[in-house]
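The report below goes through one protein model, beginning at its surface and then turning to helix packing and charged pairs. Please keep the sequence and the structure in view while reading.

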Amino acid sequence: IPPVDRTRVEVRAVGIRHGTRWLPASGRARLTVDGHLLGVRAGDRLRVFAELSAPRPAANPGDFDTAAGHRAQRRLSQLRSGYPDCVTRVARPPIPAPAAWIDSMRAQGHRFLWKYLDDRRAELAAAVLLGSRAEIGTERMQAFRETGTVHLMAISGLHVGIVAGALFFVVRAIRLRRNRAVIVVAAVAILYTLLTDARPPAIRAMILVLVFCFSTLLGRPRQAFNSLAAAGLVVLLLNPADLFNTGVHLSFVAVAGLIWFARDWFAVASENEPDAIARMLLQSRPWPSRIAWTFWRGARHLTLVSAWMWLLTSPLVMAQFHICAPVAVVLNTLVWIPMALALISGFAVLVCGWMFPPLAAVFGWCANGSLWFLEACVELTRQWSWSHFWVPGPPGWWLVGFY
């Protein structure tokens, strides 16, 4: 059966028709329409002719439980319409809802990406920058899953952190005062999180950025685990069901492990730092040797961090997704620079598309090359015989004991 384009929107029910009467109703549902649903934005009041059903539970042992996933998002039903004409806009609010402004900005961002990037790269950029994975085909997503790099497709602390760090460097380069710079970074972090649909890993990263910014403003010391605990409380407050979300588990386990690892690793690394005489000898060498040494040192650190993250998260990934990808240790180190370049240049396309179209074209060229290299590395390593293995995964009691 050839696939058709579909539109998915979240709706809140206020009434359901029974015969000729409308009965009051409440609750959230996901509406799926075959075709392109145009002219509908957040806050509109709709009349929908659709099939109403409950989400299906897992059909096979170990399969993803769609019904549980919908229930965690407070959705107990789903709607399916065969044609866009089955959805009619009844009324539009006099004042656009904040979500409508966010949707409008996201749609404009999509247009900029498709304008300044190749079509195939624009699909990947929309997933990496805005969290819109609808255009990414199943085969392309499977390649990222099998190489342990699917986290690049989910907006997480990596994305928010790179964007916030690059922005802080830019605002400081233009001689903006430190206090004003951190306020700008905090505001952009909030806006970017909302623009990417405010998923729990992105919220966690946003809270960490805000804690860093406000502690800098107040001149107070930062406690890494206290900041992570604050992010956990915010995520739990927004939706307690996220406590059982695998993505949230992976996000917090990775950051907690990174904090723990960094504390001991930097202490060891500082002891192994070259002394003053060794640094003077290094400075006396030709510049290619200095660049090679710096590159080797950075690659070594990144590989160690990547290996530590893989060891921490692999049991949970094997238990939930039944895959083990050793190639991720090497691949995550290899794609770190192109991923950072793709995020920075892609974000610059979104910003410059509004004000400086010529600059947007330059940044679009850079994003094209970075995303091409990233996907080429994923496709190449996927072919290696030892890149990934399908496994049944450890039992729950072992997983609890390990962590």
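On the surface of this predicted model, Phe 295, Leu 302, Trp 336, Ile 337 and Leu 341 form a nonpolar patch, and together they have about 480 Å² of accessible area. Such patches are made of residues with over 30% relative accessible area and no salt bridge, where nonpolar side chains (Val, Leu, Ile, Met, Phe, Trp, Tyr) are joined within 5 Å and like charges within 9 Å. The accessible areas come from the Shrake-Rupley method with a 1.4 Å probe, and for residues only the protein chains shown count as cover.

Because the model is predicted, local features need pLDDT of at least 70 and side-chain atom pairs count only at pLDDT 80 or more, while totals for chains, interfaces and linings use all residues. Residues are numbered from 1 along each chain as its sequence is written, and side-chain values use heavy atoms, with hydrogens and water left out.

**Two helices behind the patch**

Helix 11 (287-321) and helix 13 (336-355) each supply at least two residues of the nonpolar patch, and helix 13 gives the most, with three residues. Helices (H or I, at least four residues) and strands (E, at least two) are DSSP runs, numbered from the N terminus. Phe 295 has its place in helix 11, and this residue counts as exposed because its relative accessibility is 57%; exposed means over 50% relative accessible area, buried under 20%, and partly exposed in between (1.4 Å probe, protein chains only).

**How helix 13 meets helix 3**

Two packed helices are described by the angle between their axes and the distance between the axes. The axes of helix 3 (residues 119-130) and helix 13 come within 10 Å and cross at roughly 90°, where axes are lines fitted to C-alpha atoms, for helices over the stretch in contact, and angles run from 0 to 180 degrees between N-to-C directions. Helix 3 and helix 13 are therefore roughly perpendicular to each other, a term for angles of 65 to 115 degrees, whereas those under 35 count as roughly parallel, those over 145 as roughly antiparallel and the rest as oblique. In helix 3, Val 128, Leu 129 and Leu 130 meet Met 339, Leu 343, Gly 346, Phe 347 and Leu 350 in helix 13, contact meaning heavy atoms within 4.5 Å.

**Salt bridges**

How many salt bridges does the structure hold? There are twelve, each being a side-chain nitrogen of Lys or Arg within 4 Å of a carboxyl oxygen of Asp or Glu. The table gives some of them.

| Pair | Closest N and O atoms |
|---|---|
| Glu 10 and Arg 30 | 3.2 Å |
| Asp 44 and Arg 92 | 3.0 Å |
| Arg 382 and Glu 139 | 3.1 Å |

Glu 10 lies in strand 1 (residues 6-12) and Arg 30 in strand 4 (residues 28-34), so this pair ties together parts that are 20 residues apart in sequence. The pair of Asp 44 and Arg 92 links distant parts of the chain, 48 residues apart, with Asp 44 in the loop between strand 4 and strand 5 (45-48) and Arg 92 in the loop between strand 8 (87-91) and helix 2 (98-116). Asp 44 is buried, with a relative accessible area of 13%, whereas Arg 92, at 35% relative accessibility, counts as partly exposed. Arg 382 lies in helix 14 and Glu 139 in helix 4 (residues 138-146), so their salt bridge ties together parts that are 243 residues apart in sequence. In this pair, Arg 382 is buried at a relative accessible area of 14%, while Glu 139 counts as exposed at 53% relative accessibility. Finally, salt bridges that share partners join Arg 120, Arg 121, Glu 123, Arg 140 and Glu 375 into one network.
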